[in-house]
Amino acid sequence: MTQVQTVSAQVGGQNITIETGKLAKQADGSVVIRAGDSMVLITAVSAKEKREGLDFFPLTVDYQERLSAAGRIPGSFFRREGRLTERETLVSRMIDRSCRPLFPEGYQNDTQIIATVFSADNHQDTDVLALTGASYALAVSDIPFPFQFAGVRVGRINGTLIANPSEEQRAVSDLDLLMAASRDSIFMVEGGSKEIGETEMIDALLFGQKAIDGILTAQEQLAKLVGKAKRKFEKPALTAGAPEKVRELALEKVKAAYLIHDKHERYGKLSEIKKAVVAELCAEGAAFKGKEKDVKTALEDLKYEHMRRMITHDGQRIGGRTTRQIRAIATEVGLLARAHGSALFQRGETQGLVTTTLGTSEDEQRMETLKGQHFRKFMLHYNFPPYSVGEVKPLRGAGRREIGHGILAERALKAVMPDEAKFPYTVRIVSDILESNGSSSMATVCAGALSLMDAGVPITAPVAGIAMGLIKEDGKIAILSDILGDEDHLGDMDFKVCGTAKGITSIQMDIKITGVDKQILTDALEQAKEGRLHILAEMTKSLSSSRTDISKYAPKITTIRIPVSRIKDVIGPGGKVIKDIIARTSCSVNIEDDGQVSIASTSSESVDQAIKMIRALTQEAEVGKIYLGTVRRIMEFGAFVEIFPGTDGLVHISDLANGRVKKVEDVLKEGDEVMVKVVSVDRSGKIRLSRKEAMTDSETPKEAAVTPPASA
């Protein structure tokens, strides 16, 4: 029986325990990682034989949350978890981005990492535990994974950086970074902030890297305790002589191809070169017959090597740009007549059409998570149709890439959204990428900000995004602004930085090499800032600030507040009253528990009518004020007068007139309209009225004090 091994470490104020040898023992590697009452099982399994015919590493990563972990039953019809949620997809993607570049080059065995949340409390988030656990599961396995890393979340409260902050601390933090790192390198960064500066961002990254030292030591200890030897793996060598022959035939042609600026023309030329090289070297009787894969691999290696040296040694990029140069930018707003807000953003051969739609509280998205049910008022959806890159593919739902890019852009823009109390709209942004040659997610950020401003959303500042690259070759370093798709593929580090003129609102990094130090990070982020400011300046040529009014096609939302005690009067038994208001005014009406009422309609007259009806149901009597009321009941001792719907008070017989009144009927009868003055309201809410005082006041210039009841 496998021996159970346990280690623990402190990260910030969080004590983390990792156990192996008890659960899922048939996996190549498995650990249970725990902090507080949050527990995640992470398993890693890799096939013993490689899958032939692949030109990529077949790694799959799935992070899944069992709602039973928080004592909840799924709310779906089937009462079981279905496809991965957006959050599960994002965490899966972060684990994948952290692990994939670290596997040995050429490793093509099917490999799967599964992280399952089996217990969750409300204080320790499970995403950072799953990220750390993935490295632990690989470390205790025989899978040839040569690195060890750990995940950490970095927050900041009042200028103080915190490692793995609690949920309560995250709520007041102005920074939220999730990163994976080893002692000498940062591999993955995902997060956002409230317009913090580049220097502060670098300090946060280095702080997070330092904070994981203890848990890396614990990982080394656990791997030693388990003592499982790694499988032997060597990168398959290409057929002898193939790289040299390919270089001889294709180098000059490849150099000429990469001088072509147009993407499709360049790709076409490279495709011709590949066909010609394969035809010559792999034909019947040729030296490399039957070795087409090796020849194609050698050609890809040649292209990779040439592009990197072209940039780092010759200072030349595809398209002839300098390393800091941004492609030509063109923007346009308001091009879609009926959309509430729209913008077109073109940067080089990348084009994004983005729309903003304003809705009411009825349009909020209901989210079911381990922490319970909550509602999402701001959404950004990113679409990447196949025609954007000239391909033919079936249209399917959003994949991991689309979800990841969408959330990156959403995080960037959410930081500048107005406070809900001032702008009570549900906002949906949709980005459709119409052309793509790199940086489509950043085009989404730029066009998203313009479409918000076009819709009249009072964002605090425009936001722009830029995709950056870094190549390190033979001691030479090139930092590239606004990278193309080809440059993204060949680089050692790609990162996307979004923000305002003031600071960063969203960041995403993937680093494939070690040795990226503070100076490189500083230079890279400063160059990204320079590019971001240039793009912001180009955007202002179309629109520099939000329009003063929202679209005439958007619902107009007015917010009023009513006493909490009167909410039941507006809703009515079984919702009868509020349904009647909605039916008669065609408005959307939403009432919060604190008494805030939002009334929405494209017609301002309908909104005014609904407000009038709600005010009539909820207004309260004011002492000293005169009302035109209706007599509802006659009693021996006085009359009950309704001063507005649902509210009446007593006029005692002694307060009916200046003289003595023998019978109430001598003065009033049911249905009469009568002027009355509110004399007092006692603690129980009973209202005392006086007709006599109202008559006396009416004889003086106080007619303006009369308030007739609002009609319902």
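Asp96 lies in helix H1 (residues 86–99); helices (H or I, at least four residues) and strands (E, at least two) are DSSP runs, numbered from the N terminus. With a relative accessible area of 13%, Asp96 is buried, where buried means under 20% relative accessible area, exposed over 50% and partly exposed in between (1.4 Å probe, protein chains only). Not counting residues up to four places away in sequence, Asp96 touches Leu59, Val61 and Pro101; contact here means heavy atoms within 4.5 Å.

The model is predicted: local features need pLDDT of at least 70, side-chain atom pairs count only at pLDDT 80 or more, and totals for chains, interfaces and linings use all residues. Residues are numbered from 1 along each chain as its sequence is written, and side-chain values use heavy atoms, with hydrogens and water left out.

**The six-stranded sheet**

An open sheet of six strands has mixed pairing and the order E1-E2-E3-E4-E6-E5. Its edge strands are E1 (5–11) and E5 (59–65), each of which pairs on one side only. From one strand to the next, the twist averages 15°; axes are lines fitted to C-alpha atoms, for helices over the stretch in contact, and angles run from 0 to 180 degrees between N-to-C directions. Two strands are taken to pair if DSSP finds at least two bridges between them. Strands of a sheet pair through backbone hydrogen bonds, either parallel or antiparallel.

The table lists antiparallel strand pairs, including one from the three-stranded sheet discussed below.

| Strand pair | Bridges | Bridge partners or opposite residues |
|---|---|---|
| E1 and E2 | Seven | Thr6 and Glu19 |
| E2 and E3 | Four | Glu19 and Val32 |
| E3 and E4 | Seven | Val31 and Ile42 |
| E22 and E24 | Six | Lys556 and Ser601 |

In the hairpin of E1 and E2, two residues stand between the strands, and Gly12 takes a positive phi near 60°. Side chains alternate along E1: Gln5, Val7, Ala9 and Val11 point to one face and are buried, whereas Thr6, Ser8 and Gln10 point to the other and are not. Strand E2 (residues 14–20) also shows alternation, with Gln14, Ile16, Ile18 and Thr20 buried on one face, while Asn15, Thr17 and Glu19 point to the other and are not buried. Glu19 is the bridge partner of Thr6 in E1 and stands opposite Val32 in E3.

**Helix H4 against helix H12**

Helix H4 (residues 198–211) packs with helix H12 (residues 518–539) at an angle of about 145°, and their axes are 10 Å apart. The crossing of H4 and H12 is right-handed, a crossing being left-handed if the near helix is turned anticlockwise from the far one by less than a right angle, and right-handed if clockwise. From H4, the residues Glu198, Met201, Ile202, Asp203 and Leu206 meet Lys518, Leu521, Thr522, Leu525, Glu526, Lys529 and Arg532 of H12. By class, this contact has five nonpolar, one polar and six charged residues; Ala, Val, Leu, Ile, Met, Phe, Trp, Tyr, Cys and Pro count as nonpolar, Asp, Glu, Lys and Arg as charged, and the others, Gly among them, as polar.

**Arg309 in helix H8**

Arg309 is found in helix H8 (residues 292–312). Arg309 counts as partly exposed because its relative accessibility is 33%. Although Arg309 and Lys472 are 163 residues apart in sequence, they are 9.6 Å apart in space, C-alpha to C-alpha. Arg309 touches Asp314 and Asp474, not counting residues up to four places away in sequence.

**The three-stranded sheet and helix H15**

Three strands form an open sheet in the order E22-E24-E23, and the pairing is antiparallel. Strands E22 and E23 are the edges, each pairing on one side only, and the twist averages 15° from one strand to the next.

Helix H15 lies across E22, E23 and E24 and runs at about 150° to E24. At 1.5 Å a residue, the 15 residues of H15 (residues 604–618) should span 21 Å, and the end C-alpha atoms are 21 Å apart, which agrees; the expected span is 1.5 Å times one less than the number of residues. The buried residues of H15 are Ser606, Val607, Ala610, Ile611, Met613, Ile614, Ala616, Leu617 and Thr618. These buried residues pack against strands E22 (556–561), E23 (588–591), E24 (596–601) and E26 (638–644), and against helices H13 (567–571) and H14 (576–585).
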